[in-house]
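This report describes how the parts of one protein chain are arranged. Please look at the sequence and the structure before reading on.

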Amino acid sequence: MATLAFGWWVVFVVGAVWASIVRASDRPTRFAAVGATVGFVGVLALTGADGPVGQLARVFGTVLPLPMMLLYVTAMIAGGALSAGGALLVRAIRTREQWTGEDRRRFVAEGSNKA
């Protein structure tokens, strides 16, 4: 939805924001990459062949004898890579800082009355 509202460049920012709000043990880079790739599948399905990617695929089709599906797959991979790049940037910044706080999520022992 952020891509439709603001453009393709915001995928990097969304990946960085996601990685900054979840724990590092939740694998935010992998989740951001898969989420962005699935999101791009939705965007390409929504815009279809009439959208900007379809127009670009037709232009490339006149120049290069490659199937149009190759450009769609490249666009999906690029979306995942952009989002993973944002998450990796946050991860690199987090490794430089020293964490002194307590984890926000606490596991409740089985059999306790708090569950």
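## The pairing of α2 and α3

Helix α2, residues 10–21, packs against helix α3, residues 28–47. The angle between the two is about 145 degrees, and their axes lie 9 Å apart. The crossing of α2 and α3 is right-handed. On the α2 side the contact is made by V11, G15, W18 and A19. On the α3 side it is made by P28, F31, A32, A36 and F40. Sorted by type, the residues of this contact are eight nonpolar, one polar and no charged.

The model shown here is predicted.

## The protein as a whole

What kinds of element does the protein contain, helices or strands? There are five helices and zero strands. Read from the N terminus, the order of the elements is α-α-α-α-α.

The protein has 115 residues, and 26% of them count as buried. Among contacts with a separation of 6 or more, 68% join residues that are 24 or more positions apart.

## Helix α2

Helix α2 has 12 residues, which at 1.5 Å a residue should span 16 Å. The C-alpha atoms at its ends are 17 Å apart, so the length agrees with the expected span.

Which residues of α2 are buried? They are V10, V11, G15, A16 and A19. These buried residues pack against α1 (2–6), α3 and α5. Two of them, V11 and G15, are also in contact with S83.

V17 lies in α2 as well. Its relative accessibility is 44%, so V17 counts as partly exposed. V17 and A32 are 15 residues apart in sequence, and their C-alpha atoms are 9.7 Å apart in space.

## The two sides of α3

The 20 residues of α3 should span 28 Å at 1.5 Å a residue. The end C-alpha atoms are 28 Å apart, so the expected and modelled spans agree.

The buried residues in α3 are P28, T29, A32, A33, A36, F40, V43 and L44. Why do they lie on the same side of α3? They cover an arc of only 130 degrees around the axis, and this puts them on the same side of the helix. An α-helix has 3.6 residues a turn, so residues three or four places apart point the same way. The face of α3 turned away from the buried side carries the exposed residues R30, F31, V34, V38, A45 and L46. One of these, F31, also takes part in the contact with α2.

T29 is found in helix α3. Is T29 buried or exposed? Its relative accessible area is 16%, and buried means under 20%, so T29 is buried. Not counting residues up to four places away in sequence, T29 touches A84, A87, L88 and R91.

## Helix α5 and its partners

Helix α5 runs over residues 68–96. At 1.5 Å a residue, its 29 residues should span 42 Å; the end C-alpha atoms are 43 Å apart, so the two values agree. The buried residues of α5 are L71, Y72, A75, M76, G79, G80, S83, A84, G86, A87 and V90. Among them, A84 and A87 touch T29.

S83 lies in α5. At 4% relative accessibility, S83 counts as buried. Which residues does S83 contact, leaving aside its neighbours within four places in sequence? They are V11, G15, A32, A33 and A36. V11 and G15 are buried residues of α2, while A32, A33 and A36 are buried residues of α3.

## Residues around α4 and α5

Helix α4 covers residues 52–63, and F60 lies in it. The relative accessibility of F60 is 40%, so F60 counts as partly exposed. F60 and L71 are 11 residues apart along the chain, and their C-alpha atoms are separated by 8.6 Å. L71 is one of the buried residues of α5.

Y72 has its place in helix α5. With a relative accessibility of 12%, Y72 counts as buried. Y72 and A57 are 15 residues apart in sequence, and 8.0 Å apart in space from C-alpha to C-alpha.

Key:
Residues numbered from 1 in each chain as written. Predicted model: local features only at pLDDT ≥ 70, side-chain atom pairs only at ≥ 80, totals over all residues. Heavy atoms only, no water. Axes fitted to C-alpha atoms, helices over the stretch in contact; angles between N-to-C directions. Helix = DSSP H or I, 4+ residues; strand = E, 2+ residues; numbered from the N terminus. Left-handed = near helix turned anticlockwise from the far one by under 90°. Contact = heavy atoms within 4.5 Å. Nonpolar A, V, L, I, M, F, W, Y, C, P; charged D, E, K, R; others polar. Expected span 1.5 Å × (residues − 1). Buried < 20%, exposed > 50% of the residue type's maximum accessible area, 1.4 Å probe, protein only. Arc of directions from axis to C-beta.
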